[in-house]
Amino acid sequence: MTVQLEMVRSQDAMFALSEQWSELVARQAHSSPFVDASWLFTWWEHYGQSRELSVGLFRDEGGIVGIAPLCQRKFTYYNTVPFRRLEFLGACLLYTSPSP
């Protein structure tokens, strides 16, 4: 089995995956509502403004076998070192730069 990675970077492309995403979650033995497409898409619509999508789709010949629901956000470490941080969709919004 060869697994290929495809990156999804647009909201429309992510929303188009809704049915496949929900089917994948439904097949899991231990699941959480916080990984379901409807919850993550709602979170994105409300909190995604300052972020860029970086959703990883893992596919094999039979379709999607895994999803990495990630996004990127600009961050400044100690208010001096800027960088882009990779976060899970639905991550806590309270993360801030540590104080010196």
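User: Which exposed residues sit on the face of H2 turned away from its buried side?
Analyst: Glu19 and Ala26 are the exposed ones there. Exposed means over 50% relative accessible area, buried under 20%, and partly exposed in between, with a 1.4 Å probe and protein chains only.

User: What sort of model is this, and how are residues numbered?
Analyst: This is a predicted model, with residues numbered from 1 along each chain as its sequence is written. Local features need pLDDT of at least 70, side-chain atom pairs count only at pLDDT 80 or more, totals for chains, interfaces and linings use all residues, and side-chain values use heavy atoms, leaving out hydrogens and water.

User: And what do names like H2 and E3 stand for?
Analyst: They are DSSP runs, numbered from the N terminus: helices (H or I, at least four residues) and strands (E, at least two).

User: Back to H2. Which of its residues are buried?
Analyst: Trp21, Leu24 and Val25. Seen down the axis of H2, they fall within an arc of 100°, so they line one face of the helix. The arc is taken from the directions between the helix axis and the C-beta atoms.

User: What do those buried residues pack against?
Analyst: Helix H1 (11–15), helix H3 (37–47), E3 and E4. Contact here means heavy atoms within 4.5 Å.

User: What does Trp21 touch?
Analyst: Leaving out residues up to four places away in sequence, its contacts include Met14, Leu40, Phe41, Val55 and Ile67.

User: Does that lead into a core? How many residues are in the largest nonpolar one?
Analyst: It has 18 residues. Trp21 is among those with the most contacts inside it, and so are Met14, Trp44 and Leu57. H2, H3, E3 and E4 each supply at least two residues. H3 gives the most, with five. A nonpolar core is a set of buried Ala, Val, Leu, Ile, Met, Phe, Trp, Tyr and Cys residues joined through side-chain atoms within 4.5 Å.

User: Why would nonpolar side chains be buried together?
Analyst: In soluble globular proteins, that is what they tend to do.

User: New topic. What is the strand order in the three-stranded sheet?
Analyst: E1-E3-E4, in an open sheet with antiparallel pairing. Strand E1 (4–8) and strand E4 (63–68) stand at the edges with a single partner each, so one side of each has no neighbour in the sheet. Neighbouring strands are turned by 30° against each other on average, direction ignored. Strands pair if DSSP finds at least two bridges between them.

User: How many bridges join E1 to E3?
Analyst: Five, with E3 covering residues 55–60. Gln4 has Arg59 as its bridge partner, and Val8 has Val55.

User: What about E3 and E4? What joins them?
Analyst: A hairpin, through two residues. They pair over five antiparallel bridges. Arg59 stands opposite Ile64 in E4.

User: Which strand does E5 pair with?
Analyst: Strand E5 (residues 70–77) pairs with strand E6 (residues 81–88), antiparallel, over eight bridges. Leu70 stands opposite Phe88. The two strands form a hairpin with three residues between them, and Tyr78 in the turn has a positive phi of about 50°.

User: Last one. Cys71: buried or exposed?
Analyst: Cys71 counts as buried because its relative accessibility is 0%. Cys71 lies in strand E5. Cys71 and Trp44 are 27 residues apart in sequence and 9.5 Å apart in space, C-alpha to C-alpha.

Terms used
Axes are lines fitted to C-alpha atoms, for helices over the stretch in contact, and angles run from 0 to 180 degrees between N-to-C directions.
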